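Reader: Here is a chain I would like to go through with you. I will ask what stands behind each label you put on it.

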Amino acid sequence: MKNILIIDDEEKLRGLLARIINSEGFEVVEAPDLKLGFKKLEQNDIDVVLCDVKLPDGNGVDFLQKIKTNFPLTEVILLTAYGNISDGVQAMKNGAFDYIVKGDDNDKIIPLLYKALEKVQLQKKVKQLEKRIMNKYSFDAIIGKSKALLQVIELAKKVAITDSTVLLTGETGTGKEVFAQAIHENSTRVGKSFVALNCSTFSKELLESELFGHRQGAFTGAVKDKKGFIEEANGGTLFLDEIGEMPLDLQAKLLRVLETNEYITVGDSTPKKSNFRLIAATNRNLKTESEAYRFRSDLYYRLNIFEINLPPLRARVKDIGALTNFFVEKFSVATNKKALEIEDDFLEHLEKYSWSGNVRELKNVIERAVILASSNSLTAADLPYEIVNYKENCGDTVLSAFAINSMEKLHIQKVLNYTNGNKAEAARLLEIGIATLYRKVEEYRI
């Protein structure tokens with residue numbers, strides 16, 4: 001039921017309007033003055049207000065501002081006995097849906113109400129969608145309560161409210177884009193564009209075009225002008241995933257954009273401006289890459305204003321249960337299956353596995369298990385062979401004192417002791433990627 005509020009001091013006219021509107025199936029609330037009208041707005045969920053301009057305790061044009069400030073989704077149609085151009089102009093400026101003359105425009109009232117209600121419904125849907133997006137990408141939507149996860153969430157919350165560049169590091173599948181979205185949705189740029197580009201999916205030429213845009217005829221196949229991601233992100237956030245894969249000459253161009261907020265479209269010579277926040281992500285150790293001249297050191301230091309290293313899934317084993325519940329519920333719905341019970345042996349195998357692909361790999365395994373499930377519960381029989389037999393295949397290895405692996409294990413242990421367990425620093429000293437180090441730590445049970 002849609003609720004309509006009529007504010008008019010003429011009782012007969014108010015009653016007549018109420019009967020006409022009520023006959024259309026709307027719920028009607030009445031008030032003889034602005035004071036009582038505002039009380040009715042506070043007490044009821046009003047969709048549209050029909051308000052007289054001249055009232056005993058004030059002017060409807062001025063009252064309109066108070067309504068829009070306190071009830072922004074409510075539409076207001078102003079009624080007046082005398083058409084006044086200046087009042088009409090001011091009413092529209094104050095946010096009125098329309099301004100009509102009593103008597104002359106009576107036939108317009110019902111059609112106007114329907115149009116106003118359409119706008120209200122659209123605004124409510126947009127508001128609900130925005131709320132759903134906010135909830136989906138809020139920090140509260142990130143699943144897990146492990147200490148390792150809560151620590152990085154706390155860091156992300158602190159940097160989100162600033163406009164600083166953020167560098168998200170960690171293994172593949174740890175949820176870097178999820179964190180990037182959450183940072184954006186909790187920043188001052190919320191509501192503006194969030195534009196994501198994976199630098200590893202394009203060739204150098206195409207990546208430059210995607211990033212900076214191009215003019216018609218700039219290269220073969222450029223049949224029309226195209227906006228780049230930098231332009232699309234203006235006012236919002238640009239998320240560059242796998243930035244470690246970006247070619248060196250493009251890194252130089254990106255650095256200039258970050259320093260000047262100016263860029264040049266491919267095939268053009270005129271600089272353009274774009275004000276965006278940059279969030280970058282990589283599974284590489286950019287410091288090591290820069291020391292090996294595979295990544296520009298000046299860009300690395302520009303990106304590394306605030307680094308957040310996302311923990312691998314094996315460092316947050318306590319979260320596997322919650323993640324499993326979430327994915328089982330999600331894929332049960334997607335495959336039209338009843339809610340599946342999770343047996344203890346199913347979860348035990350998941351918690352023992354090393355998860356080199358992290359949350360993304362877990363998600364894929366759960367989806368496969370739900371599809372294969374032939375009963376009302378998930379058991380170890382629904383898991384892949386390598387997970388069920390992980391302990392047997394990858395258990396503690398007895399290393400010979402003369403084996404190279406034994407020496408490697410001992411050396412890694414020494415370096416980790418030297419860095420007090422700081423794996424990023426240990427990987428740098430060992431001159432290997434952080435993902436490689438995690439794999440070896442897991443392999444040697446260090």
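The exchange below takes up the overall form, an annotated aspartate, a pocket and an annotated domain.

Reader: What kind of model is this?

Author: The model is predicted. The chain has 20 helices and 16 strands.

Reader: Why is the chain called more spread out than a compact globule?

Author: The globule rule gives 22 Å for 446 residues, and the radius of gyration of the chain is 31 Å. That is well over the rule's value, so the chain is more spread out than a compact globule. Along its principal axes, the C-alpha trace spans about 105 × 65 × 45 Å.

Reader: How much of the chain is buried?

Author: Buried residues make up 44% of the 446 residues. As for contacts with a separation of 6 or more, 67% are between residues 24 or more positions apart.

Reader: What makes Asp-52 a buried residue?

Author: Buried means under 20% relative accessible area. Asp-52 has 5%, so Asp-52 is buried. Asp-52 lies in strand S3, which runs over residues 48–52.

Reader: Which residues does Asp-52 touch, leaving aside those up to four places away in sequence?

Author: Asp-52 touches Ile-7, Asp-8, Asp-9, Gly-60, Leu-79, Thr-80 and Lys-102. Contact here means heavy atoms within 4.5 Å.

Reader: What does the UniProt record say about Asp-52?

Author: An unreviewed UniProt entry carries the annotation "modified residue: 4-aspartylphosphate", and this covers Asp-52. Such annotations may be inferred rather than shown by experiment.

Reader: What is the volume of the largest pocket, and which residues lie nearest its centre?

Author: The volume of the largest pocket is about 820 Å³. Its lining has 25 residues, of which Gly-175, Val-178, Phe-327, Val-359 and Lys-363 lie nearest the centre.

Reader: Which helices each supply at least two residues of that lining?

Author: They are H7 (176–185), H13 (320–334) and H15 (358–372). The largest share, five residues, comes from H7.

Reader: How do the lining residues of the largest pocket divide into nonpolar, polar and charged?

Author: The lining has 11 nonpolar, five polar and nine charged residues. Gly counts as polar in this scheme, so Gly-175 falls in the polar group.

Reader: Which residues does the annotation "domain: Sigma-54 factor interaction" cover?

Author: In the unreviewed UniProt entry it covers residues 142–371. Over residues 142–371 the chain is 44% helix and 13% strand. The end C-alpha atoms of that stretch are 25 Å apart.

How values were computed: Residues are numbered from 1 along each chain as its sequence is written. This is a predicted model: local features need pLDDT of at least 70, side-chain atom pairs count only at pLDDT 80 or more; totals for chains, interfaces and linings use all residues. Side-chain values use heavy atoms; hydrogens and water are left out. Helices (H or I, at least four residues) and strands (E, at least two) are DSSP runs, numbered from the N terminus. Buried means under 20% relative accessible area, exposed over 50%, partly exposed in between (1.4 Å probe, protein chains only). On a 1 Å grid over the protein atoms alone, a cavity is a set of points where a 1.4 Å probe fits but cannot get out, and a pocket is an open set with protein on both sides within 12 Å along at least five of seven lines; lining residues have an atom within 4 Å of a point. Grid points are joined across faces, edges and corners, and a volume is the space filled by probe spheres set on the points. The radius of gyration is taken over C-alpha atoms; the globule rule is 2.2 Å times the number of residues to the power 0.38.
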